[in-house]
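Work through the exercises below with the structure open. Try each task before reading its solution.

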Amino acid sequence: MSTNPLALATEDLAGTWWQRIVGGFSHAPAPVVTATELLLVVAVAVALSLPRISWRYFGLLATVTHELGHAFTALMTGQRLGGIRLSLDHSGTTTSYSRRPLAAVFSTFWGYPVPALVGAAMVWSGFNGWGPAAMSVGTLLLLVSFLFLRNGIGLLITALAVLGAALLVLFVPAEFIGHVMIGLGIALLVAAVRDLGKLAAVHLRHRTRLSTSDAYLLSRATRVPAAVWIVLFAVVVAACWWFAWQPMAQVFATLQHAPGRVPA
């Protein structure tokens, strides 16, 4: 047994982290979210996803989520996953092998909509007392993704995401994790809209980069026009926004009944 103080401290920290990951799989009291807090959260989410300086870093999380969407659906449809490669310019590639064309089409589709799906799930979890569980699931999925990463930059990006999740698990009290999940979820929802805008720009103004577009790849595989696939991406993202908006609308509705407000 090690008597090195640093080793003991590391083991203790790792043990605490694992206990909190496992302990997260339980229902917690739903957080009390005020309209003021929610407005601030939305402002922070927009600040993470719209300005170039912040998007340069936060957009990497959206890229990881996008590629994990391809990877997860590939595995779920029985395909062989060759690996995931990530780049600092927000590009990524997930390689899978399948003898079933429909399975390949299905996994190719689930890239751009996935940040919105994950964001909506985070928002719902945060509002309904499942924020710690969402954090635990997200952290474990990031850890599993190391098995499929095939380049150093991808390992670095994912390691930083895991580090961020670990710090949240260790140092943010469980009762506040729900608030964090709501914030991250809204940020991913905004990021999904921004990525759709970038995709549309590739097809309208930067056609030399069409080979990087999932919509282009889907159109070649199915002969369905790329515009149709972009519309389908947008429909899923819009549905995710609608789903996430339901608990937010209830919070904003309290503004109409605030003391001292004069009815119109």
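The exercises below deal with a predicted model.

**Exercise 1. Helix length**

Task: Check whether the end-to-end distance of helix H6 (residues 131-145) agrees or disagrees with a rise of 1.5 Å a residue.

Solution:
- Helix H6 has 15 residues.
- The expected span is 1.5 Å times one less than the number of residues, so H6 should span 21 Å.
- The end C-alpha atoms of H6 are 21 Å apart, which agrees.
- As for burial, the buried residues of H6 are Gly131, Pro132, Ala133, Met135, Ser136, Thr139, Leu142 and Ser145.

**Exercise 2. The salt bridge**

Task: Find the partner of Lys198 in a salt bridge, and place both residues.

Solution:
- The cut-off is 4 Å between a side-chain nitrogen of Lys or Arg and a carboxyl oxygen of Asp or Glu.
- Lys198 and Asp195 have their closest N and O atoms 3.9 Å apart, so the pair qualifies as a salt bridge.
- The count by this rule is 1 salt bridge.
- Both residues belong to helix H8 (residues 174-204). They are 3 residues apart, about one turn of the helix.
- In general, an α-helix has 3.6 residues a turn, so residues three or four places apart point the same way.
- Asp195 counts as buried because its relative accessibility is 9%, under the 20% limit.
- Lys198 is at 36%, so it counts as partly exposed.

**Exercise 3. Around Trp55**

Task: Decide whether Trp55 is buried or exposed, and list what it touches.

Solution:
- Trp55 sits in helix H3 (residues 52-76).
- Its relative accessible area is 5%, so Trp55 is buried.
- Leaving out residues up to four places away in sequence, Trp55 touches Leu48, Ser49, Leu60, Ala62, His90, Ala191, Arg194, Asp195 and Lys198.
- Both salt-bridge partners, Lys198 and Asp195, are therefore among the contacts of Trp55.

**Exercise 4. Two partners of H3**

Task: Classify how H3 packs against helix H4 (residues 101-109) and helix H5 (residues 114-127).

Solution, H4:
- The H3 and H4 axes come within 7 Å and cross at roughly 155 degrees.
- Angles over 145 degrees count as roughly antiparallel, so H3 is roughly antiparallel to H4.
- His70, Thr73 and Ala74 of H3 meet Phe106, Ser107 and Thr108 of H4.
- The crossing is right-handed.

Solution, H5:
- The H3 and H5 axes are 8 Å apart, at an angle of about 105 degrees.
- The range 65 to 115 counts as roughly perpendicular, so H3 is roughly perpendicular to H5.
- Ala62, Thr65, His66 and Gly69 of H3 meet Val114, Pro115 and Val118 of H5.

Note on methods:
Residues are numbered from 1 along each chain as its sequence is written. This is a predicted model: local features need pLDDT of at least 70, side-chain atom pairs count only at pLDDT 80 or more; totals for chains, interfaces and linings use all residues. Side-chain values use heavy atoms; hydrogens and water are left out. Helices (H or I, at least four residues) and strands (E, at least two) are DSSP runs, numbered from the N terminus. Buried means under 20% relative accessible area, exposed over 50%, partly exposed in between (1.4 Å probe, protein chains only). Contact means heavy atoms within 4.5 Å. Axes are lines fitted to C-alpha atoms, for helices over the stretch in contact, and angles run from 0 to 180 degrees between N-to-C directions. Angles under 35 degrees count as roughly parallel, over 145 as roughly antiparallel, 65 to 115 as roughly perpendicular and the rest as oblique. A crossing is left-handed if the near helix is turned anticlockwise from the far one by less than a right angle, and right-handed if clockwise.
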